[in-house]
Amino acid sequence: MESVSDLKDLYQKEFDTERFFQTYYNPNSEEYVEYPILTFILENLHKTFSSGEVKGDLLIDIGSGPSIHTIISACECFKEIIASDWTDTNRQAYERWLRNEPGAFDWTPVLSMVCELEGDRTKCAEKEKKIRATVKQVLKCDVTESNPLNPVILPPADCLVTSLCLEAACTDLNTYTQALRNITTLLKTGGHLVLIGVIGCNNYQVGQKLFPDLHLSEEFVKTTITSNGYVIKDMKMNPIVCNKKPDCANDAHVFGFIFFLAQKTSK
C-alpha cells in the first residue's frame with residue numbers, strides 16, 4: 001500500500017468528486033454501484049439522533065467527502081455543525097450545495113429517505129434549509145495530524161461523526177489507531193463518537209478508478225475505540241456477501257459495514 005503522503009496525493013490529484021456522486025448516489029447513472037450501505041447508515045443515524053441522548057452545541061463531521069447524508073438527522077440536535085475533508089474538490093462541492101448554486105448535486109432523494117424515517121417525506125425543503133443554516137464551515141481535515149483541523153482550533157465538540165473515512169485515509173493499523181486518537185482530541189469528555197466503517201475490504205471504486213481501503217476486522221475497530229477512552233453504547237453490523245467485486249479481498253467472502261456509537265469517558 002502507498003505511504004500516507006502518497007495516499008494524500010492520490011486523493012488530491014485523482015479523486016473525481018462528480019464520478020463519486022454518480023457511482024454511489026445516482027441510481028440513473030451507468031456507473032452506479034448499488035450497495036445497501038446508504039440505508040444502513042441513514043437508519044442508524046436516525047435512531048441515534050432521534051433518541052434525544054446525542055445532542056449539544058457542536059458536531060464535527062470528520063471526512064465528510066462531498067456528502068451531506070451523515071448530518072441530515074444530526075442537524076436537528078446541534079446548534080452548529082462543522083464539515084471537513086482532505087480533498088479540495090470535495091469541500092468545494094459541499095460548499096456549492098450549501099450555497100444552493102446551480103449545478104450542485106441534488107440530494108433530494110436522500111433527504112426524502114431521512115424525512116420519511118422522521119415521519120414526513122414531504123419536508124425536504126425544510127430539511128435543506130435547516131442543514132444550510134446549521135453547517136457553519138467546511139474545513140480542510142487531515143486525520144493523520146495531531147490537530148486534524150490545523151490551523152483551526154475549535155472548542156471541544158459534543159459529538160464527532162466519521163463515516164468511511166479512517167480506513168480510506170490510513171495505510172496500516174497503527175496509523176488508524178493514531179488517527180482515531182487524533183480526532184478524539186477534538187471531542188469533549190462525555191461527548192459522543194459516531195463511527196461508521198467497512199470491514200474485510202481492500203479497496204473501493206469511484207467510476208472505474210480503485211482507491212485503497214485499509215483491511216479491518218470488527219474486533220480491531222472495537223478494541224481501538226475502547227482503548228482510546230470510549231465506552232461503546234451501541235454497535236451494529238451489516239454483513240454483505242461479495243462475489244468478485246473490485247472492493248473484495250478474495251473472489252467470494254463476507255465483508256460488512258459497521259456502526260458504533262461510543263461515549264468518551266476519559267481524556
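This passage walks through a helix pair, the cysteines, several buried residues and some backbone features of a predicted model.

A good place to begin is the packing of two helices. Two packed helices are described by the angle between their axes and the distance between those axes. Helix H5 spans residues 108–118 and helix H6 spans residues 124–134. Their axes come within 9 Å and cross at roughly 105°, which makes H5 roughly perpendicular to H6. On the H5 side, the contact is formed by Thr 108, Leu 111, Ser 112, Cys 115 and Glu 118. These meet Cys 124, Lys 127, Glu 128 and Ile 131 on the H6 side. By character, the residues of this contact divide into 4 nonpolar, 2 polar and 3 charged.

The cysteines come next. A disulfide is a covalent bond between the sulfur atoms of two cysteines. A search of the whole structure finds 0 of them. The pair Cys 75 and Cys 77 illustrates this result. For the sulfur of Cys 75, the closest cysteine sulfur is that of Cys 77, and the separation of 7.9 Å is too far for a bond, given that a disulfide needs the two sulfur atoms within 2.5 Å. Seen from the other side, the closest cysteine sulfur to that of Cys 77 belongs to Cys 75, again at 7.9 Å and too far for a bond. Cys 75 is buried, with a relative accessible area of 0%. Cys 77 has a relative accessibility of 18% and also counts as buried, because the buried class takes in values under 20%.

Attention now turns to a polar pair, Asp 61 and Thr 70. Asp 61 belongs to strand S1, which covers residues 56–62, while Thr 70 sits in the loop between S1 and strand S2 (78–85). The side chains of Asp 61 and Thr 70 make a polar contact of 2.7 Å. Both partners are buried: Asp 61 has a relative accessibility of 1%, and Thr 70 has one of 3%. Leaving out residues up to four places away in sequence, Asp 61 touches Thr 70, Ile 71, Ile 82, Ala 83, Ser 84 and Val 161. With the same exclusion, Thr 70 touches Leu 45, Asp 61, Val 161 and Ser 163. Val 161 is thus listed among the contacts of Asp 61 and also among those of Thr 70. A further point of reference is Leu 166, which lies 105 residues from Asp 61 along the chain, with 12 Å between the two C-alpha atoms.

Another buried threonine, Thr 48, is placed in helix H3 (residues 37–50). Its relative accessible area is 4%, and Thr 48 is therefore buried. A polar atom of the Thr 48 side chain lies 2.9 Å from the backbone oxygen of Asn 44. Beyond residues up to four places away in sequence, Thr 48 touches Val 54, Val 194, Phe 259 and Leu 261.

Helix H1 (residues 4–14) supplies one more buried residue, Leu 10, whose relative accessibility is 11%. Apart from neighbours within four places in sequence, Leu 10 is in contact with Glu 2, Phe 15, Lys 209, Phe 211 and Pro 212. The C-alpha atoms of Leu 10 and Ile 71 are separated by 26 Å, and the two residues are 61 apart along the chain. Ile 71 also appears among the contacts of Asp 61.

Some backbone features round off the picture. Most residues other than glycine have a negative phi, and most peptide bonds are trans. Against that background, the peptide bond from Asn 150 to Pro 151 is cis, with omega near 10°. Pro 151 falls in the loop between strand S3 (135–140) and strand S4 (157–163). Positive phi values are found at Asn 100, near 60°, and at Leu 164, about 55°, and neither Asn 100 nor Leu 164 is a glycine. These two residues also lie in loops. Asn 100 is in the loop between helix H4 (88–98) and H5, and Leu 164 is in the loop between S4 and helix H7 (166–169). With a relative accessible area of 53%, Asn 100 is exposed, whereas Leu 164, at 34%, counts as partly exposed.

Technical notes
Residues numbered from 1 in each chain as written. Predicted model: local features only at pLDDT ≥ 70, side-chain atom pairs only at ≥ 80, totals over all residues. Heavy atoms only, no water. Axes fitted to C-alpha atoms, helices over the stretch in contact; angles between N-to-C directions. Helix = DSSP H or I, 4+ residues; strand = E, 2+ residues; numbered from the N terminus. Parallel < 35°, antiparallel > 145°, perpendicular 65-115°, else oblique. Contact = heavy atoms within 4.5 Å. Nonpolar A, V, L, I, M, F, W, Y, C, P; charged D, E, K, R; others polar. Buried < 20%, exposed > 50% of the residue type's maximum accessible area, 1.4 Å probe, protein only. Polar contact = N/O pair within 3.5 Å; in protein donor to acceptor, adjacent residues only side chain to side chain.
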